Amino acid sequence: MTTPNDTPQTPTTAAFFLQAAIAFAVSLATAVIGILYLPIDPWQRGFLGITLLFLTSSTFTLAKVVRDRQEQTTVRARLDEARMDKIMAEHDPFNRVA
């Protein structure tokens, strides 16, 4: 059901998704290859590998947080929240139905 107050949502195209996935894979692979071929000690290579792993996982977490925050600010989410607040305010748990 669409109401006039809803913000239009444009779906992600398959080409955009593929481009983003390829760009991520290429950048991660080149970073890993770069770390492997650096002329450094194994413990330094391990430190850089762990750093890259942490950077990758925190990037995914940040992207999810940004997406969730954007979804919370949509009109639909705010209307649903207002409806739930109204229902909860009007609810009387001690009202007995005879």
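Here is a short tour of the structure, one selection at a time. Keep in mind that you're looking at a predicted model.

**Stop 1: the whole chain.** Switch to a cartoon view and colour by secondary structure. You'll find three helices and zero strands, and walking along the sequence gives you the pattern α-α-α. Now turn on the surface. About 9000 Å² of the protein chain is exposed, and carbon and sulfur atoms supply 68% of that area. How much of the chain counts as buried? Of its 98 residues, just 6% do.

**Stop 2: two rings.** Select Phe24 and Phe60 and show their side chains. This is the one aromatic pair that the structure holds. The rings sit edge-to-face, with 5.3 Å from centre to centre and 70° between the planes. That angle earns the label because anything over 60 degrees counts as edge-to-face. Where do the two partners come from? Phe24 belongs to helix H1 (residues 14-36) and Phe60 to helix H2 (residues 42-72), so the pair links distant parts of the chain, 36 residues apart. Is Phe24 buried, exposed or something in between? Phe24 is partly exposed, with a relative accessible area of 36%.

**Stop 3: a nonpolar patch.** Next, select Val32, Ile33, Leu36 and Tyr37, and show them as a surface. Together they form a nonpolar patch with about 440 Å² of accessible area. Zoom in on Tyr37, a member of this patch. You'll find Tyr37 in the loop between H1 and H2. Tyr37 counts as exposed because its relative accessible area is 70%, and the cut-off for exposed is over 50%.

Methods:
Residues are numbered from 1 along each chain as its sequence is written. This is a predicted model: local features need pLDDT of at least 70, side-chain atom pairs count only at pLDDT 80 or more; totals for chains, interfaces and linings use all residues. Side-chain values use heavy atoms; hydrogens and water are left out. Rings of Phe, Tyr and Trp (its six-membered ring) pair if their centres lie within 6.5 Å; planes under 30 degrees apart count as stacked, over 60 as edge-to-face and the rest as tilted. Helices (H or I, at least four residues) and strands (E, at least two) are DSSP runs, numbered from the N terminus. Buried means under 20% relative accessible area, exposed over 50%, partly exposed in between (1.4 Å probe, protein chains only). Accessible areas come from the Shrake-Rupley method with a 1.4 Å probe; for residues, only the protein chains shown count as cover. Patches are made of residues with over 30% relative accessible area and no salt bridge: like charges are joined within 9 Å, nonpolar side chains (Val, Leu, Ile, Met, Phe, Trp, Tyr) within 5 Å. A salt bridge is a side-chain nitrogen of Lys or Arg within 4 Å of a carboxyl oxygen of Asp or Glu.
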